[in-house]
Amino acid sequence: MKTVIWIAAGTLALTACANTGADYRPIVDGPVSASYSTDLAACQAVAKKRSYLNDDTKGDGVLGAAIGAVLGAFDGNIVEGAIVGGVSGLGAGAYKAKDERKDVVVDCMRGRGHKVVG
């Protein structure tokens, strides 16, 4: 039962991240220029190239599974520990990717001359 709860929580965490980072609309200091909307759409498209299930996320999942298996061995639940650890690692990796996508949007907009403050 614990495994099902952890898998459901991990799945919920992954789906909660869907497209939020790349859809970020930064705050601009001063007036918004005429090119803002076009530049924002282009920057968001660039950010969406950073997949949630990238190599870093996969590595976090593998590391989580390994740590979970070791910890699960103490309870005699190696498989359950690996599943919980893997899902948790994937969720953490996807959350990092969401933040990276937001950073791409901010950096791209600054690079296009917009005074982004947050």
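In which handedness of crossing does α2 pass α4? In this predicted model, the crossing of α2 past α4 is right-handed. The residues that make this contact are Tyr36, Asp39, Leu40, Cys43, Gln44, Val46 and Ala47 on the α2 side, and Arg101, Val104, Val105, Cys108 and Met109 on the α4 side. The two helices pack at an angle of about 140°, and their axes lie 8 Å apart. An angle of about 140° makes α2 oblique to α4.

A step back to the whole chain helps to place this pair. The protein chain holds four helices and zero strands, and its pattern along the sequence reads α-α-α-α. Of the 118 residues in the protein chain, 35% are buried. Among contacts with a separation of 6 or more, 77% are between residues 24 or more positions apart.

The second helix pair to consider is α3 with α4. Helix α3 spans residues 55-75, and it packs against α4 at an angle of about 150°, with the axes 6 Å apart. The two helices are therefore roughly antiparallel to each other, since the cut-off for that description is an angle over 145 degrees. Here, too, the crossing is right-handed, with α3 passing α4. From α3, the contact is made by Thr57, Lys58, Asp60, Gly61, Gly64, Ala65, Gly68, Ala69, Gly72 and Ala73. Residues of α4 that take part include Ile78, Gly81, Ala82, Gly85, Gly86 and Gly89, along with Leu90, Ala92, Gly93, Ala94 and Lys96.

Two aspartates of α3 give a closer view of this helix. Asp60, found in helix α3, counts as buried because its relative accessibility is 18%, under the 20% cut-off. Leaving aside neighbours within four places in sequence, Asp60 is in contact with Gly89, Leu90, Ala92, Gly93 and Lys96. Asp55 also lies in helix α3, but this residue is exposed, with a relative accessible area of 64%. The C-alpha atom of Asp55 is separated by 9.3 Å from that of Gly93, and the two residues are 38 apart along the chain.

Attention can now return to α2 and α4, this time through the nonpolar core. The largest nonpolar core has 12 residues: Ala22, Tyr24, Val28, Tyr36, Leu40, Cys43, Ala47, Val105, Val106, Cys108, Met109 and Val116. The elements giving two or more residues to this core are α2 (36-47) and α4. In soluble globular proteins, nonpolar side chains tend to be buried together. One member of the core is Val28. Not counting residues up to four places away in sequence, Val28 touches Tyr36, Lys115 and Val116.

His114 offers a final point of interest, in the segment after α4 (78-111). With a relative accessibility of 8%, His114 counts as buried. Its contacts, apart from neighbours within four places in sequence, are with Ser33, Ser35, Tyr36, Asp39 and Met109. One of these partners, Asp39, is also joined to His114 by a polar contact between the two side chains, at 2.7 Å. Asp39 belongs to the α2 side of the contact between α2 and α4, as does Tyr36, while Met109 is on the α4 side. His114 thus touches residues that take part in the packing of this helix pair.

Key. Residues numbered from 1 in each chain as written. Predicted model: local features only at pLDDT ≥ 70, side-chain atom pairs only at ≥ 80, totals over all residues. Heavy atoms only, no water. Buried < 20%, exposed > 50% of the residue type's maximum accessible area, 1.4 Å probe, protein only. Polar contact = N/O pair within 3.5 Å; in protein donor to acceptor, adjacent residues only side chain to side chain. Contact = heavy atoms within 4.5 Å. Core = buried A, V, L, I, M, F, W, Y, C linked by side-chain atoms within 4.5 Å. Axes fitted to C-alpha atoms, helices over the stretch in contact; angles between N-to-C directions. Parallel < 35°, antiparallel > 145°, perpendicular 65-115°, else oblique. Left-handed = near helix turned anticlockwise from the far one by under 90°.
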